[in-house]
Amino acid sequence: MSLRAKLKHLTGAYSSAIRNLSYQLNHRPYSPPRQDPYSLLKEDPVQVLSDLWVKSFSDTHKPFQNLTGFLSKLDLWVLAYQRACAYSTGSFPPKNAIPSHALSNLLSLRNAVVRNQFQWNSKVHQFIRSPNDKPIPQVLSKRKLQSMLTSSSTPFQDRVVQEVLLMILEPIFEARFSAKSHGFRPGRNPHTVIRTIRSNFAGYLWFIRGDLSGILDNMDFNTVLSSVEKSVKDKKVLNLVKLGLKGAEKSHMRLEDKDENVTKRKRKKGQTKKRILCDNEPKPDPYWLRAFFDFAPEEAAKVPDYGYCGILSPLLMNVCLSEFDYMMEKFVPSSGKEKTRKMEYIRFAGHFLVGIRGPREDAVAIRKKIIEFCEEKYGIRLDNSKVEIEHITRGIQFLDHIICRRVIRPTLRYTSSGGKIVSEKGVGTLLSVTASLQQCIRQFRRLALLKGDKDPQPLPCTPMLYSGQAHTNAQMNKLLETMADWYRYADNRKKIVGFCAYVIRSSLAKLYAARYRLKSRAKVYKIASRDLSRPLRESSNNAAPEYSDLLRMGLVDVIEGVHFSHMSLIPSCDYTPFPRNWVPDHEKFFSEYIRLQDAKFFCELIKSVKQQGLSLPQDEISKIVWDYKILGFWRGRFDNDKETERIVGDMMECMIHLALDCFVEEITPPRYISAPSLLNRLAEPAPTVQLLLSFGCRDIYYSEVVAEPERWVTVPEIDVGVLMLLWPRIKINVDPVHVGEVTHLPAVVRS
């Protein structure tokens with residue numbers, strides 16, 4: 001075969017392969033599901049997950065053998081699809097707004113996961129696509145196909161599977177995690193770390209500050225999988241996690257190759273064209289939020305990402321480091337003589353802090369044990385620079401806060417033996433947690449709002465150059481409020497927030513001076529005042545309408561002044577006491593709920609309530625509903641009026657022992673009688689008939705006292721208001737003895 005024929009044959013084969021791949025992308029080879037997805041939506045996913053949380057907290061030592069039942073519940077997959085759509089589109093779709101074809105594709109994805117047919121990062125065989133994804137054309141060019149296969153974006157179906165795994169695995173491991181771990185966990189955040197340090201780390205002289213990020217970056221995935229297997233024994237879930245972790249090596253190699261190609265390729269110079277957002281595409285984060293994310297401390301800035309696990313990676317990191325937490329808790333006695341002597345430990349993500357009450361030799365011995373454990377467990381030996389020992393007098397920086405000792409000199413007043421009041425000056429120390437001003441300056445330099453180290457100078461906020469004054473002030477106010485909340489528990493909160501306000505206000509003044517062609521910040525402050533709340537105009541021409549007129553007509557926005565322009569406006573440090581053994585609210589709820597599930601504990605609780613003469617909330621609500629149904633008002637409103645209380649009490653006594661003497665026709669009462677028939681008979685003269693009103697229901701029990709006193713029938717669907725209309729024709733016989741003799745009525749009436 002000639003060379004020309006070979007080239008022609010290869011070109012035809014490549015074209016046919018492209019057509020076949022395009023057909024597979026649009027027409028999936030699997031058959032459509034036979035089941036109706038709407039018939040499988042039977043349970044509430046929130047209730048299913050709540051039961052799983054309760055089960056996990058009930059027994060924290062027993063591993064979960066079978067989780068396939070949770071993987072098979074389509075309701076969880078629908079909730080995962082809603083959360084994935086909220087991430088990709090920016091809006092949480094309601095359950096009734098999900099199209100039928102999306103439910104069918106979701107059912108196919110669930111079946112593929114249950115049958116072990118799902119593949120991570122599959123760009124060709126996608127069971128379900130994002131609502132923002134464009135339809136794939138019938139014919140794909142070589143460049144489009146290559147860009148699709150080599151793109152680093154995560155497929156939408158991977159995000160859905162990650163959401164399902166996270167909803168199933170998170171309650172299992174949250175019940176087993178240590179209380180000393182605070183990173184990437186619900187109910188815990190950097191604020192809880194700072195408050196715990198303030199309340200639990202007082203009196204410690206030596207501190208060990210460790211960095212485990214090197215271990216997390218080079219983690220052996222077999223170690224992670226072995227940690228997961230201790231609590232989860234389901235093979236399908238473990239296989240999904242294993243395949244997701246194994247994909248990390250391939251993705252890492254692909255990213256390295258991509259970086260090499262980018263360096264070799266010549267980049268085009270010039271201004272980049274702005275991209276227009278689609279209708280369903282979420283808007284980018286506002287400037288104040290992006291700026292605050294760049295303001296994050298070193299310990300919280302890096303989020304772990306293992307292979308194709310995505311949002312499951314922080315949970316896997318905590319699972320792997322939980323054994324390190326258990327090892328450190330062995331050095332922290334919770335009771336006994338050693339409770340107040342040894343040490344204290346806390347961890348946020350890959351950074352930990354250990355406080356030691358004792359000589360430096362104890363800190364050196366503990367550091368040696370930490371290094372040996374990490375080398376034995378994770379296969380990586382930590383350097384001494386990653387596990388530093390520092391004295392409290394030098395100040396220990398953790399989460400952009402400095403832990404140090406503050407000297408106080410209180411005045412001690414006491415009465416001497418001769419009765420004279422003596423005042424003496426004392427000296428003491430307190431644990432101080434202050435915000436780091438140098439770290440704050442570094443963060444502002446990273447945001448290009450400051451320059452210089454010793455004498456920093458504000459720079460104009462260029463990202464807000466083309467925004468209006470009202471919008472710019474609003475954005476920076478949100479940033480200032482977030483910073484003030486971030487430094488909420490710092491002793492120098494006023495100082496640090498005042499510095500942040502000065503930098504932002506000066507940066508905006510320089511920006512407005514450049515935008516409105518003013519010469520200096522002084523002129524900006526003179527026109528717009530100190531908080532920049534007055535409008536600035538580009539020229540002094542008075543032909544334009546005044547700002548007040550435009551504001552009244554609704555043509556301009558209200559200009560909000562920059563917050564914290566004076567020190568008196570900055571809130572002080574929050575010194576709210578923090579419990580030593582603090583747990584989040586949701587864990588308290590689960591523990592109390594599990595205790596109430598015990599029948600013995602519940603009976604003892606009810607017995608103690610009755611013995612103490614307390615009333616349950618359910619009883620109070622029942623009384624209120626009963627009052628409104630019978631009387632039309634709540635008698636608790638007249639507790640202060642004794643006369644009204646007595647009248648209302650008599651009325652309630654009458655209604656409880658209701659005996660109605662009426663004249664009706666003398667007949668044998670049937671087993672069932674309707675409400676209209678009863679009303680008609682009440683209007684005619686006849687022998688005496690007794691009517692009793694039951695509690696909590698709308699049924700009337702009556703019998704003919706003369707004819708058959710033992711035979712009672714029900715009159716359903718009659719309201720108490722009907723009897724109130726007939727009140728003038730009814731004779732009330734309040735006879736507790738007579739009513740008490742009726743013992744053959746249903747239990748609801750006898751009560």
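**A walk through a sheet, a hairpin and a helix**

Let us start with a single pair of residues: Glu-344 stands opposite Gly-355, which belongs to strand 3. That pairing is part of a longer contact, since strand 2 and strand 3 (residues 351-356) run antiparallel and are joined by six bridges. Please keep in mind as you look around that this is a predicted model.

Step back a little and you will find the sheet itself. It is open, it has four strands in the order 2-3-1-4, and the pairing is antiparallel. Strand 2 (343-348) and strand 4 (387-391) form the edges, each pairing on one side only. From one strand to the next, the twist averages 15°.

Which helices go with strand 2 and strand 3? Helix 8 (residues 190-200) packs on the sheet and touches both of these strands, with a direction that makes about 170° with that of strand 2. Helix 14 (residues 313-329) lies across strand 2 and strand 3 as well, running at about 175° to strand 2.

Now move along the chain to a hairpin. Strand 7 (residues 411-415) and strand 8 (residues 421-425) run antiparallel, with five bridges joining them. One bridge to look for has Thr-415 on one side and Ile-421, in strand 8, on the other. Five residues sit between the strands of this hairpin, and Gly-419 takes a positive phi near 90° there.

Next comes helix 17 (residues 469-486), where a little arithmetic is possible. At 1.5 Å a residue, its 18 residues should span 26 Å, and the end C-alpha atoms are 26 Å apart, so the expected and modelled spans agree.

Which residues of helix 17 are buried? Among them are Gln-469, Ala-470, Thr-472, Asn-473, Gln-475 and Met-476. Further along, Leu-479, Leu-480, Met-483, Ala-484 and Trp-486 are buried too. When you trace such positions, it helps to recall that an α-helix has 3.6 residues a turn, so residues three or four places apart point the same way. The cover over the buried residues of helix 17 includes helix 8, which we met at the sheet, along with helix 12 (287-294) and strand 6 (401-408). Helix 16 (437-446), helix 18 (493-515) and helix 19 (521-528) also contribute to this cover.

Finally, zoom out to the whole chain. Its secondary structure comes to 28 helices and 16 strands. Of its 751 residues, 41% count as buried. Among contacts between residues at least 6 apart in sequence, 71% join residues at least 24 apart. The chain exposes about 43700 Å², of which carbon and sulfur atoms supply 53%.

Technical notes. Residues are numbered from 1 along each chain as its sequence is written. This is a predicted model: local features need pLDDT of at least 70, side-chain atom pairs count only at pLDDT 80 or more; totals for chains, interfaces and linings use all residues. Side-chain values use heavy atoms; hydrogens and water are left out. Two strands pair if DSSP finds at least two bridges between them. Helices (H or I, at least four residues) and strands (E, at least two) are DSSP runs, numbered from the N terminus. Axes are lines fitted to C-alpha atoms, for helices over the stretch in contact, and angles run from 0 to 180 degrees between N-to-C directions. Contact means heavy atoms within 4.5 Å. The expected span of a helix is 1.5 Å times one less than its number of residues. Buried means under 20% relative accessible area, exposed over 50%, partly exposed in between (1.4 Å probe, protein chains only). Accessible areas come from the Shrake-Rupley method with a 1.4 Å probe; for residues, only the protein chains shown count as cover.
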